[in-house]
Amino acid sequence: MRIGELAQQAGVTVKAVRYYEQIGLVAPKRGNNGYRTYTGQDLRTVREIRELHELGIVPSRAAPFIECLEIGHEHGDECVSSLAVYRDAIAELDRALTELGARRTALQRRLETAAEREVRPAAAPADYTVLPAGLPAPEDDGAAAHLPGKPVPGLILRNSDGESVALDRLGAGRSVIYLYPLTGRPGVDLPEGWDAIPGARGCSTQACDFRDHFQELRAAGVQSVAGLSSQDTDYQAEVAARLALPFPMLSDPDFALAAALQLPTFSAPGHERLYARLTLIIRDGVIEHVFYPIFPPNTHAQQVLDWLAAHPEDDA
């Protein structure tokens, strides 16, 4: 019989039969056409392996049972070596049951102890759309001074809508791309010491600020707005949906834009590298203006609007 027929009659998959062959439990013969052929003995072997596996004896330990069948026994467990495998498997189960019993006892004890304590209301989750007071302000280290006048590199990044965006082909007129480190997520802790890093906190508040001023930015002549960080597109899509952003978020996990423009980055616990917060005003494929450093981020969109009002396109 062919392998598909053998697998069907034995109640296993073809992939399983191939595996049994690899570990030496099944040895098919070759027909004149070169194809593997299987016998009734092979079918018996595969059924034995399947039944043992259902009992928790993995195929790699089934050899004594197969050998017992091959020497003429009616059942694979009529040999001393097969019985030894049974005993080992039972001993392993006994150890596992003992460990599970001990764990259950410990859990029950902790449950009873916890239930006796006064029940306290859970702390409210952190609201990352609100900027806490007392955050340290970043200083201008000159890391973005070289950017005005530089052409935007021809990079293609994915956005939160699943689309590919060519940064050097954003269209005529002005575009705003604001770069930020990472966005907080409900139920997920920010990196340790995040609030103590100057300019780190405030990504969600900044996104909300651009959202709330989006129509004003469009009225001021901005053709497109986008946020950009090193977080992946799935993360960006969740943020865009949760904050109801009217613009997409770009993902640059490989820091391609940082490499092309020598942009400032920093590290934080659990994150080897993150984008420093800055905003690019791009006009006709060239960086016209850079906001860096940015503080506080929750009013930054108004800062952009003020600059646009002071620098109308007709005067640029």
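Helix 4 (residues 63–70) buries Pro64, Phe65, Ile66, Cys68 and Leu69; buried means under 20% relative accessible area with a 1.4 Å probe, protein chains only. Helices (H or I, at least four residues) and strands (E, at least two) are DSSP runs numbered from the N terminus. The cover over these buried residues includes helix 3 (40–54) and helix 5 (80–116), with contact meaning heavy atoms within 4.5 Å. Gly72, just after helix 4, has a positive phi of about 110°.

This is a predicted model, in which local features need pLDDT of at least 70 and side-chain atom pairs count only at pLDDT 80 or more, while totals for chains, interfaces and linings use all residues. Residues are numbered from 1 along each chain as its sequence is written, and side-chain values use heavy atoms, leaving out hydrogens and water.

An open sheet of seven strands follows the order 4-3-7-6-5-10-11 with mixed pairing; two strands pair if DSSP finds at least two bridges between them. Its edges are strand 4 (164–166) and strand 11 (286–291), each paired on one side only. The twist averages 35° from one strand to the next. Strand 3 (residues 156–159) pairs with strand 4 in the antiparallel sense over three bridges, and Arg158 stands opposite Ser164 in strand 4.

Two helices contact strands as follows; axes are lines fitted to C-alpha atoms, for helices over the stretch in contact, and angles run from 0 to 180 degrees between N-to-C directions.

| Helix | Strands touched | Angle |
|---|---|---|
| Helix 6 (203–212) | strand 5, strand 6, strand 10 | about 160° with strand 5 |
| Helix 8 | strand 3, strand 6, strand 7 | about 165° to strand 7 |

Conventions
Buried < 20%, exposed > 50% of the residue type's maximum accessible area, 1.4 Å probe, protein only.
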